Amino acid sequence: MKTRQAAVAGKFYPETRDKISLQLDQILQKEKTNIDLSLSNNQIIGAVVPHAGYMFSAYQALHFFEILKKSDQQFDTFFIINPNHTGYGPEIALDENDDWESPFGKVEIDKDFYDFLGFSESADAHKFEHSGEVMLPLLQYSLDYPFKIVPITLSNQNPANAQFIAQNIIKANHILKKKICIIASSDFSHFVDPTEGKKLDNFVIEEILSLNPTGVYQQVKDKNISVCGFGPIMTLIEYAKMISNEPQVKILKIGHSGEIIPSNEVVDYVSMLFYEK
């Protein structure tokens, strides 16, 4: 069994299980009255979740994970689709390893999907990438049932790849018939004035709420908006539209790093739930 070791423990999140739990407990205590747990009564399709350090982005991320925890749904497998910040590996990459390790322990990669997805495998594409890894302790902290993951990292973020990934996930699951959830890992505008960031993000958010993946792509490219995981977001939109006649999208929480450490150059975080009534 080959294991991917945690690359950003002690950096993006604490290095021990107890310290992670303490940090998330404290953030959750501040956020819990703002979390709309009634959304857990819907059929969850997936979510857009930020991937920065927990001290900044868990205020947004935990909204989704608490809804997930409250839901009666129990998922077999979470697809963690994230941007490739390192540049290593092919443009769409599964991980060659058999499991991922975090301070909470190991979680198995669901390799049942590998034969049917048709994507390349690369340990290098995932080895140092933080944007998928940070989702794992959040899942382990929140859920009390066993689950597997399928991490997919994406370097060439375009509408064709988004559609290709979504189609192949659906084709694979027609065969495997598992309960799956899609996590689209993305931060929004990077190192901008908070007012400017909000303005730019809204162009993208409007397209997400309209379930328009091509619109997301055009806004990011035309206005040079630094949403780093727009490919995973487009993939989630495509997936939701393929499996549901009437998918819904709800903004859970919007914020930025300047709310934690005041600055005129902040990174923006948005969590959004995709569901079916």
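# Close-up views of a predicted model

**View 1. Q163 sits in helix α7.** Q163 is found in helix α7, which covers residues 159-176. The model shown here and in every view below is predicted. Q163 has a relative accessible area of 35%, so the residue ranks as partly exposed. Leaving aside residues up to four places away in sequence, Q163 touches E238 and M242. I35 serves as a far reference point: the C-alpha atoms of Q163 and I35 are 31 Å apart. In sequence, 128 residues separate Q163 and I35.

**View 2. Strands β1, β5 and β6 form an open sheet.** The three strands follow the order β1-β5-β6, and their pairing is mixed. The edges are held by β1 (3-4) and β6 (105-108). Each edge strand has a single partner, so one of its sides is left without a neighbour in the sheet. Strands of a sheet pair through backbone hydrogen bonds, either parallel or antiparallel. Here β1 and β5 (residues 99-102) run parallel and are joined by two bridges. R4 has W100 of β5 as its bridge partner.

**View 3. A salt bridge joins R4 and E133.** The side chains of R4 and E133 meet at 2.8 Å, N to O. The pair links distant parts of the chain. R4 belongs to strand β1, while E133 belongs to helix α5 (residues 130-133). They are 129 residues apart. Both R4 and E133 are buried. R4 also takes part in the sheet of View 2, where its bridge partner is W100.

**View 4. Other salt bridges of the model.** Side chains of opposite charge can pair when their charged atoms come close. The count of salt bridges comes to seven. One of them joins E15 and K19, with 2.9 Å from N to O. E15 is partly exposed, at a relative accessible area of 43%. K19 is also partly exposed, at 45%. K148 and E108 form a salt bridge whose closest N and O atoms are 3.6 Å apart. K148 lies in strand β8 (residues 148-154) and E108 in strand β6, so this pair ties together parts 40 residues apart in sequence. K148 has a relative accessible area of 25% and is partly exposed. E108 is partly exposed as well, at 39%. A network of salt bridges links D110, D112 and K178.

**View 5. Helix α8 has a kink centred on N202.** The kink in α8 is about 25°. How does the end-to-end distance of α8 fit its 16 residues? At 1.5 Å a residue, α8 should span 22 Å; its end C-alpha atoms are 21 Å apart, which agrees. At the start of α8, a side-chain oxygen of D193 comes within 3.0 Å of the backbone nitrogen of T195.

**View 6. One set of α8 residues is buried.** Which residues of α8 are buried? They are G197, L200, D201, V204, I205, E207 and I208. An α-helix has 3.6 residues a turn, so residues three or four places apart point the same way. The cover over the buried residues of α8 includes two helices, α9 and α10 (230-243). It also includes two strands, β10 (248-256) and β11 (268-276).

**View 7. F191 and L211 take positive phi values.** F191 has phi near 55°, a positive value in a residue other than glycine. F191 lies in the loop between β9 (180-185) and α8 (194-209). Is F191 buried or exposed? F191 is exposed, with a relative accessible area of 57%. L211 comes just after α8 and takes a positive phi of about 55°. L211, too, is a residue other than glycine. L211 is placed in the loop between α8 and α9 (213-222). L211 counts as buried, at 14% relative accessibility.

How values were computed: Residues are numbered from 1 along each chain as its sequence is written. This is a predicted model: local features need pLDDT of at least 70, side-chain atom pairs count only at pLDDT 80 or more; totals for chains, interfaces and linings use all residues. Side-chain values use heavy atoms; hydrogens and water are left out. Two strands pair if DSSP finds at least two bridges between them. Helices (H or I, at least four residues) and strands (E, at least two) are DSSP runs, numbered from the N terminus. Buried means under 20% relative accessible area, exposed over 50%, partly exposed in between (1.4 Å probe, protein chains only). A salt bridge is a side-chain nitrogen of Lys or Arg within 4 Å of a carboxyl oxygen of Asp or Glu. The expected span of a helix is 1.5 Å times one less than its number of residues. The bend at a residue is the angle between axes fitted to the seven residues ending there and the seven starting there. Contact means heavy atoms within 4.5 Å. A polar contact is a pair of N or O atoms within 3.5 Å; within protein, one must be able to donate a hydrogen and the other to accept it, and residues adjacent in sequence count only if both atoms are side-chain atoms.
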